[in-house]
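Reader: I should like to understand how the terms used for a protein structure are justified. May we go through them one by one?

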Amino acid sequence: MIRARRSRIVATIGPASSSPEMIVTLAKAGADVFRLNFSHGAHETHAAVYAAIRAAEPIVGRPLGILADLQGPKLRVGKFANGPVQLKAGQAFRFDDDPTPGDETRVHLPHPEILVAMRPGATLLLDDGKLRMTVTDAGPGYANTTVVNGGKLSERKGVAVPDVVIPMSPLTPKDREDLAFALRLGVDWVALSFVQAPEDMAELRRIVEGRAAVLAKIEKPQALECLGAIMDLCDGVMVARGDLGVEMAPEEVPVAQKTILRAARERGIPVIVATQMLESMTSSPTPTRAEASDVANAVYEGADAVMLSAESAAGEYPEESVAMMNRIIERVERDPRWPELMQAEQSHDDDDADVLVVAAAGAAKAGSTKCLVAFTTTGATARRLARERPLQPVLALSPRIEAVRRMTLVWGVEPRVSAQPDSLEVVTTDAASRALELGLVSPGERLLIVAGTPFGAPGAANLLRLAHAPLPVRKR
């Protein structure tokens, strides 16, 4: 089942989409990667969904990726003695380490890491940014604030600190348990929430030890300040616009999105644009025109993937949401100006493998080349090709199923399992026959092959070869 588009679709699984039948339906509608949101659901539920996704692969005839999204730290205020309180602009309000239930003047903040990091002038946002406060004074175990934007505050509402680095790991004890479970299952990608610094991703990489690809969710302004260093430790990145939009001014989020997309493109790592893409389709069979434009803009920007959250997890129209996103992507990619945009921002390194890949992408611009084929062990060669945004499909052949499934997130790549070639003749015949079998070329059409010798050595792309799809054998 070859998709007539390059940008990929990530669909979140939840109560509306967790049955084996619905998973197959969503895959047929266009989902390429399924997201398991570990903020919700028991391990047994995730295990059943994992098994259903794996069972769907032979039904839809292509590999499906699985992304485990870790919850990360949830910072919340404590309890109030007499229910919600009403805070007014200009009034004083105190956060402290006293567990006594709060009132209109103070509340317990059960996160000593926040109180330690507080300084005069810092901003606190509560209840998804509805309430805003400025710190006037801070010391051991307390922070005094002035309310800037007031409103009703009830217990256990979330707290965000946009302009302070909080000295805590984004991996909570729950996350560590969920991560160990997800790795035992065999997920393809792990997403880390609330990344603040490169050390956060380094910690995740140490734990994962290559058993899955690791992805940073960029949802804190602090991460943007050291974005390059964070990305150097990532296999992929997500523009998590929901939480990013809480801690940043709304007009800053589109700029941050473009910054992250460019940085990911430069490094040749896949980037997902997420949150509220078709939000109205949780309860409506069609999106707003603004939502359709939002998805389209991400595709025009060259995003590897766009993501559905509540739309596919808990909405009334999960299949329609995936199908709509699929149609929007296909329509954008038929725009005559879309190829110009894909070619406008190209970036590559100076090592031999990148020079070869750039040459392959350049040669493929010849109208007679219908398909690029990358023989790859880890997926690195296919990702290098995808970074060049060739307009021809890229067939990536790897002997490792884990590498194939990780490539389901990569722009324009059709990954498939294939035996490791042991000769140039096998490289040529395997590439031509698989491309023909999948309908990427017609008999006699030309394809361009990128491979490496010695065969099976990761990162050894040093071979560029032209071939033609075999013509049908005439019967005498």
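Reader: Which residues of helix 2 meet which residues of helix 4?

Author: In this predicted model, His43, His46, Ala47 and Tyr50 of helix 2 meet Glu177, Asp178, Phe181 and Leu185 of helix 4. Sorted by class, this contact has 4 nonpolar, 2 polar and 2 charged residues.

Reader: Why are helix 2 and helix 4 called roughly parallel to each other?

Author: Helix 2 covers residues 43–60 and helix 4 covers residues 173–185; the two pack at an angle of about 25°, and their axes are 11 Å apart. Angles under 35 degrees count as roughly parallel. Helix 2 and helix 4 are therefore described as roughly parallel to each other. The crossing in which helix 2 passes helix 4 is right-handed.

Reader: What makes helix 4 oblique to helix 5?

Author: Helix 4 packs against helix 5 (residues 198–208) at an angle of about 45°, with 11 Å between their axes. Roughly parallel requires an angle under 35 degrees, and roughly perpendicular requires 65 to 115. The value lies in neither range, so helix 4 is oblique to helix 5. Here too a crossing is assigned: helix 4 passes helix 5 in a right-handed one.

Reader: Which residues make the contact between helix 4 and helix 5?

Author: Helix 4 contributes Arg176, Leu179 and Leu183, while helix 5 contributes Glu203, Leu204, Ile207 and Val208. By class, the contact has 5 nonpolar, no polar and 2 charged residues.

Reader: Why are helix 10 and helix 12 called oblique to each other?

Author: Helix 10 (residues 289–300) and helix 12 (residues 318–333) have axes 9 Å apart and pack at an angle of about 50°. That angle is not under 35 degrees, nor does it fall in the range 65 to 115. The two helices are therefore oblique to each other. Helix 10 passes helix 12 in a right-handed crossing.

Reader: What residues, by class, does the contact of helix 10 with helix 12 have?

Author: The residues of helix 10 are Ala292, Val295, Ala296, Val299 and Tyr300, and those of helix 12 are Met325, Ile328, Ile329, Val332 and Glu333. By class there are 9 nonpolar, no polar and 1 charged residues.

Reader: How many helices and strands does the protein chain have, and why is the chain called as compact as a globular protein of that length?

Author: The chain has 17 helices and 21 strands. Its radius of gyration is 24 Å, and the globule rule gives 23 Å for 476 residues; the two values are close, so the chain is as compact as a globular protein of that length. Along the principal axes, its C-alpha atoms fill a box of roughly 95 × 45 × 45 Å.

Reader: Into which domains is the protein chain divided?

Author: The division is into domain 1 (8–73 + 169–335), domain 2 (76–160) and domain 3 (352–469). The centres of domain 1 and domain 2 are separated by 31 Å.

Methods:
Residues are numbered from 1 along each chain as its sequence is written. This is a predicted model: local features need pLDDT of at least 70, side-chain atom pairs count only at pLDDT 80 or more; totals for chains, interfaces and linings use all residues. Side-chain values use heavy atoms; hydrogens and water are left out. Axes are lines fitted to C-alpha atoms, for helices over the stretch in contact, and angles run from 0 to 180 degrees between N-to-C directions. Helices (H or I, at least four residues) and strands (E, at least two) are DSSP runs, numbered from the N terminus. Angles under 35 degrees count as roughly parallel, over 145 as roughly antiparallel, 65 to 115 as roughly perpendicular and the rest as oblique. A crossing is left-handed if the near helix is turned anticlockwise from the far one by less than a right angle, and right-handed if clockwise. Contact means heavy atoms within 4.5 Å. Ala, Val, Leu, Ile, Met, Phe, Trp, Tyr, Cys and Pro count as nonpolar, Asp, Glu, Lys and Arg as charged, and the others, Gly among them, as polar. Domain bounds come from an automatic or database domain assignment. The radius of gyration is taken over C-alpha atoms; the globule rule is 2.2 Å times the number of residues to the power 0.38.
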